[in-house]
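Here's a quick briefing on a protein model, with a look at its pockets and one of its helices. Have the structure open while you read.

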Amino acid sequence: MIRPVACLLTLVFTFSLILVPCSGADPCDAKCEYLKQREALVESEESLSFDSGVTLNSAEKLVDTFLSGLRATDIERFNDDDEFVTAVNFRQVKEKIESSKSFAILKTMPKGGLLHTHAFGDPWFLIKQGTYDPDCWINLGSGSSTVPSHKFMYSSYKPRDSDGVQWRNVVQWRREHQDEAAFDASVLYPLIQFYTPHVSVSQDEMWVNFDAVIMRVASLASKESIWRAWILDGLKTLADDGITHVEVRGFMNFICNPGTLEEKYNNTQIILIWKELLQIFNQNVHPSQQISMRFINSFSRAVSVESLIADLKATVDLQLNNATADVVVGFDIVDEEDRYHSLIYYLDAWIYIANYLKERNLPPMKYYFHTAETNWYKDVDSNLYDALLLNTTRIGHGVALTNYPLLQAEVIKRHISVEVCPISNQLLRVVADIREHPAREMLSKGVAITINSDDSVIYGYNGLTYDYWSAYTAWNLTLGGLKQLTQNGIIYSALPDDLKVQKLQQLDGLWKSWISDTVDYIIRGH
C-alpha cells in the first residue's frame, strides 16, 4: 500500500511533541509518555507492512518465536566468518545453509506456488540416468553452428563427426578414469551447472555461458524415457518441498528423435505428455501433495518481429485447442535484456496480435513479461514502461522497479505481482547481497511478490526452500510474512478463481499440519 503523506506528517508532528519537555514535569511521567508514543509509532509503522493482514494464532506465534530464535542462532554462528551468509555467492555457502537449523524447519514448510521456473528437476538424476545410458554421446570437439561443444545426443550407433564435432561415447569415456564417481562430479556435473564467473567476465559472456549450460541440460534430457523419468522425479521433489502448483516458462520440450538433434514432438504433443505424467503423479500421491500446472509459452527476445508474430499466433492456437487450452495461460519473451531486443522493439507484433484477437472476438493475450532483470538504471529496465502499457499480468524479476516510483505505484494499484528469484539474481550478478535485494523495499511499499527459483536445475538445487531461507534470513521476515508469501504463490497464479480457492484450501491444510508438527517438535525439546 502507499503511505498517505498527510498521515505521515501527522505522525511526525504528533511524535515530535514529546521531545520538548514541559517545565516542572515529572521525568518519570515524561519517560513513560515517550515510550507510550514510541510504541504507538512502531505499531503504526508495522500496520503498513505487507503481512499486516496476517493474524497468527497462539501456535503460529510459538513457531514464529522459535523460528526467529533459530535464525538468530544461525546468523550468530555464520557471523564468525568475514561476510554475512547471504552476501556470499550461493554456491560457496550452500552447504552452510543446509547445516542451519532454520533451514531444516523451512524445508518442511508448505510453499504454495512456484510461478517462475524455466526448468526444474534434479541435475544428478540426469547424470546418473543419462550419462550411464550406453546410447549417450557427447561432442568433445570445439563445436559447430549446429552442434555446440559438450552437447549430448542419444544414438545406438556412433554419430558422424564433422568440423568441430567429435562424438565420444560417455560410458566408454568414463571407463578410462579410475575413479568414476570423481569423473561424474568433476567433469560431467560441472557441464550442466552454471557458476557465477569472475567480475572480469562481461555480462554478455556470462549469459552466453548460461545459455550453453541450459542447452547441455536439454540435450542430456533429450531421450524420451529419461525425460519422462526425470520429470516424474522432479514433480516428486517439488511435492516433497511443499510446492502444490507450478507455472513453467515454455514446455521443457527437450525430447529428440533417436540419433538426431531434432525435436520429436510439437508443443501440443509435449503438453499432452505433460498431462499424462501429471495424472500419473497425482494418482500416486496423497491428495494434499497433488500438483497443478500451467504453462506460459515463451520465446527468445533475439528473434525477429515476424518470428514473434508467428509465435504469438501459435500461442493463440494452443489456447483455442481443446486439448491444451486449459493449461496454456499466456506469453513471455526471455533471454538477456541487455543483449537482445526490448519490448518496444516488438511493438508491431504486440499491435498485430491485439488486432488479430479483437477481430476474432477473442480475449486479449495475457503477458507475463521478464522485465528489469538488471541493476542498471534507465537502461533495459525501461522495459517496465512497455510491460505496464501492454497490461502485463505479472512481472518476472522486476529488480529495477524501485527506481520508478510512478510505475511502482501503478503496479500496486493494478495488483500486479513481481516474481522474485533471490538466488538466481545473485548468481547472475544482478544483486551481490540478498539483504540488499530491492524486493525487501517493494514489500515495505506494498508490492505483492512471490518467491521463485528461476533455473534451479543449473544452480544445483531443487524446490524453493533455499530461496525462502535466503529471503527469511536476509530480509528479517516474520512467520506472518512467510505465510503471506506462500499464499501469494496461489493468489497471483494463473489459475481460475475456483481452482485458486481449492489450492488455497489445500495450502491451508498443509500449513496447519506443519504448524502442529513444528509445535510438537518444540514441545519435545527438539
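Keep in mind that this is a predicted model. Let's start with the second largest pocket, where helix 12 (305-320), strand 7 (328-334) and helix 13 (347-359) each put at least two residues into the lining. After that come the largest pocket, helix 3 and a loop residue.

**Second largest pocket**

- The volume of the second largest pocket comes to about 700 Å³.
- Its lining is made up of 34 residues, and those nearest the centre are Val329, Pro364, Met365, Lys366 and Thr393.
- Helix 13 is the top contributor to this lining, with 4 residues.
- By type, the lining of the second largest pocket splits into 21 nonpolar, 7 polar and 6 charged residues.

**Largest pocket**

- The largest pocket holds about 1000 Å³ of space.
- There are 37 residues lining the largest pocket, and Ile214, Ala218, Phe254, Ser298 and Val334 sit closest to its centre.
- Helix 9 (203-220) and strand 6 (292-300) each bring at least two residues to the lining of the largest pocket.
- Helix 9 gives the most here, with 7 residues.
- Sorted by type, the lining of the largest pocket has 18 nonpolar, 11 polar and 8 charged residues.

**Helix 3**

- Does the length of helix 3 (residues 58-78) add up? With 21 residues at 1.5 Å a residue, helix 3 should span 30 Å, and its end C-alpha atoms are 30 Å apart, so the two agree.
- At the N-terminal end, Asn57 acts as the cap of helix 3, with a side-chain oxygen 3.1 Å from the backbone nitrogen of Ala59.
- The buried residues of helix 3 are a mixed bunch, among them Glu60, Asp64, Arg71 and Asp74 as well as Val63, Phe66, Leu67, Leu70, Ile75 and Phe78.
- Which helices do those buried residues pack against? The partners are helix 4 (90-99), helix 5 (101-107), helix 18 (465-474), helix 19 (479-491) and helix 20 (497-523).

**Asn89, a loop residue**

- Asn89 is found in the loop between helix 3 and helix 4.
- Is Asn89 buried or exposed? Its relative accessibility is 16%, and the cut-off for buried is under 20%, so Asn89 counts as buried.
- Leaving aside residues up to four places away in sequence, Asn89 touches Thr196, Gln426 and Leu427.

Key
Residues are numbered from 1 along each chain as its sequence is written. This is a predicted model: local features need pLDDT of at least 70, side-chain atom pairs count only at pLDDT 80 or more; totals for chains, interfaces and linings use all residues. Side-chain values use heavy atoms; hydrogens and water are left out. On a 1 Å grid over the protein atoms alone, a cavity is a set of points where a 1.4 Å probe fits but cannot get out, and a pocket is an open set with protein on both sides within 12 Å along at least five of seven lines; lining residues have an atom within 4 Å of a point. Grid points are joined across faces, edges and corners, and a volume is the space filled by probe spheres set on the points. Ala, Val, Leu, Ile, Met, Phe, Trp, Tyr, Cys and Pro count as nonpolar, Asp, Glu, Lys and Arg as charged, and the others, Gly among them, as polar. The expected span of a helix is 1.5 Å times one less than its number of residues. Buried means under 20% relative accessible area, exposed over 50%, partly exposed in between (1.4 Å probe, protein chains only). Contact means heavy atoms within 4.5 Å. A polar contact is a pair of N or O atoms within 3.5 Å; within protein, one must be able to donate a hydrogen and the other to accept it, and residues adjacent in sequence count only if both atoms are side-chain atoms.
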